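Please consider the sequence and the model shown below. The paragraphs that follow lead from one residue to the strands and the core around it.

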Amino acid sequence: MTEKLRTPRVGDIVGIAEQRGTFVVSGIDHHGEKVNLDSLGSQGPKALGVSWASLTYRDELDESQNALRIVREATEDK
């Protein structure tokens, strides 16, 4: 059985599998199931044409995972 992917919405806070950082969905291509993302960092990179399947939704993480991610991102060398 295949798992149904969550449909992203503009404004969703997400991560990208296998990549550090937190992004906000800024645009959606429903036919190609791709999104454009803006970094939540002040001048972070944009990610264009990212597959829905590679998104991790920050609201789906439990509280301890979210706290750990925040600490890790805050202490990374930039």
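**From a buried valine to the core**

Val-14 counts as buried because its relative accessibility is 0%, where buried means under 20% relative accessible area, exposed over 50% and partly exposed in between, with a 1.4 Å probe and protein chains only. The model is predicted: local features need pLDDT of at least 70, side-chain atom pairs count only at pLDDT 80 or more, and totals for chains, interfaces and linings use all residues. Residues are numbered from 1 along each chain as its sequence is written, and side-chain values use heavy atoms, with hydrogens and water left out.

Val-14 belongs to strand β1; strands (E, at least two residues) and helices (H or I, at least four) are DSSP runs numbered from the N terminus. Beyond its neighbours within four places in sequence, Val-14 is in contact with Gly-21, Thr-22, Phe-23, Val-25, Leu-37, Leu-55, Thr-56, Tyr-57 and Arg-58, contact being heavy atoms within 4.5 Å. One of these partners, Leu-55, is 41 residues away along the chain, yet the two C-alpha atoms are separated by 6.2 Å.

The protein as a whole has one helix and five strands, in the order β-β-β-β-β-α from the N terminus. Of its 78 residues, 26% are buried. Among contacts between residues at least 6 apart in sequence, 33% join residues at least 24 apart.

Two of the strand pairings can be followed in turn, a pair requiring at least two DSSP bridges between the strands. Strands β2 and β3 run antiparallel and are joined by six bridges. In their hairpin, which has four residues between the strands, Glu-33 takes a positive phi near 50 degrees. Strand β3 also pairs with β4, again in the antiparallel sense, over four bridges; here Val-35 has Val-50 as its bridge partner in β4.

Val-25 lies in strand β2 and has Leu-37 as its bridge partner in β3. Val-25 counts as buried because its relative accessibility is 2%. Setting aside neighbours within four places in sequence, the contacts of Val-25 include Pro-8, Arg-9, Val-10, Gly-11 and Asp-12, as well as Val-14 and Leu-37. Asp-12 is 13 residues from Val-25 in sequence, with a C-alpha to C-alpha distance of 5.4 Å. Leu-37, with the same kind of neighbours left aside, is in contact with residues including Val-14, Ile-16, Phe-23, Val-25, Ala-47, Val-50 and Leu-55.

These residues lead to the largest nonpolar core, whose 11 residues are Val-14, Ile-16, Phe-23, Val-25, Val-35, Leu-37, Ala-47, Val-50, Trp-52, Leu-55 and Tyr-57. Such a core is a set of buried Ala, Val, Leu, Ile, Met, Phe, Trp, Tyr and Cys residues joined through side-chain atoms within 4.5 Å. At least two residues of this core come from each of β1 (13-16), β2 (19-29), β3 (34-39), β4 (46-51) and β5 (55-57). In soluble globular proteins, nonpolar side chains tend to be buried together.

Tyr-57, a residue of strand β5, counts as buried because its relative accessibility is 6%. Leaving out residues up to four places away in sequence, Tyr-57 touches Arg-6, Thr-7, Pro-8, Asp-12, Ile-13 and Val-14. Arg-6 lies over the face of Tyr-57, at 3.9 Å from the ring centre; this arrangement requires NZ of Lys or CZ of Arg within 6 Å of the ring centre and within 35 degrees of the ring normal.
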